[in-house]
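Trainee: I should like to work through this structure with you by question and answer. May we begin once the sequence and the coordinates are on display?

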Amino acid sequence: DHLGAEAHFLAWSEIVARSGYGEFVGFAAACWGAAAETAFQLGRPDLAQERIQLVQAAARRSGNPFEIAVSLMVEAWDAVLRRDPAAAVDAATRALAISEPNGFNHVNQLRSCLAWGKAHLGETAEAVEMARSALEGWVGGGFPRLPEARLVLGQVLARHGDRTEALAVFD
């Protein structure tokens with residue numbers, strides 16, 4: 001329910017603004033990132049971009065590698081939603097360069113974004129392996145992006161020419 005999520009986000013934002021508490025690590029990414037995706041899903045790409053800029057500004061202010069990596073992940077996923085493969089590859093690559101050495105737990109989502117972008121740029125063989133690896137990294141973990149990872153794998157397989165296998169991903 002995107003409309004409900006948006007209403008709750010706005011109410012929550014007002015409460016946080018009045019509370020006087022500072023941001024905690026992950027605050028901007030978790031809250032504004034989800035709010036950006038909700039805005040996009042509601043047909044408000046302009047509002048989504050504003051919220052992504054808030055995530056990125058907070059990450060730059062903090063200088064925290066986790067915040068920076070997650071802000072890039074939000075940017076990468078937004079690029080997938082907007083169907084911009086070059087931007088998805090750029091943001092996911094930069095985020096992975098920070099996330100992998102630090103052991104951050106969102107590398108599977110980043111690899112999924114990167115695979116999607118590479119497949120749409122013609123690098124389908126590499127993208128198939130990357131998308132499979134991302135999905136396998138999530139299976140069993142109950143990660144909330146599991147449906148998106150399956151969707152990306154199906155799309156990547158279809159672009160690679162494996163249409164039968166692509167359809168089997170959704171069984």
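The exchange below concerns an aromatic pair, a helix and one glutamine in a predicted model.

Trainee: What kind of aromatic pair do Phe 66 and Phe 104 form?

Mentor: The two ring centres are 5.2 Å apart, and pairing requires centres within 6.5 Å. The planes meet at 90°, and angles over 60 degrees fall in one class. The pair of Phe 66 and Phe 104 is therefore edge-to-face.

Trainee: How many residues apart in sequence are the parts that this pair ties together?

Mentor: Phe 66 belongs to helix H4, residues 65-81. Phe 104 sits in the loop between helix H5 (85-102) and helix H6 (107-120). The pair therefore ties together parts whose separation in sequence is 38 residues.

Trainee: Is Phe 104 buried or exposed?

Mentor: The relative accessible area of Phe 104 is 17%. The cut-off for burial is under 20%, so Phe 104 is buried.

Trainee: How many of the 14 residues of H6 are buried?

Mentor: H6 reaches 20 Å from its first C-alpha to its last, close to the 20 Å expected. The helix is mostly covered, and its buried residues include Leu 110, Trp 116 and Lys 118. The number buried is 12.

Trainee: With which residues is Gln 56 in contact, leaving aside its neighbours within four places in sequence?

Mentor: Gln 56 lies in helix H3, residues 45-62. At 18% relative accessibility, Gln 56 counts as buried. With those neighbours left aside, the contacts of Gln 56 are Ser 71 and Glu 75.

Key. Residues numbered from 1 in each chain as written. Predicted model: local features only at pLDDT ≥ 70, side-chain atom pairs only at ≥ 80, totals over all residues. Heavy atoms only, no water. Phe/Tyr/Trp six-rings, centres within 6.5 Å; stacked < 30°, edge-to-face > 60°. Helix = DSSP H or I, 4+ residues; strand = E, 2+ residues; numbered from the N terminus. Buried < 20%, exposed > 50% of the residue type's maximum accessible area, 1.4 Å probe, protein only. Expected span 1.5 Å × (residues − 1). Contact = heavy atoms within 4.5 Å.
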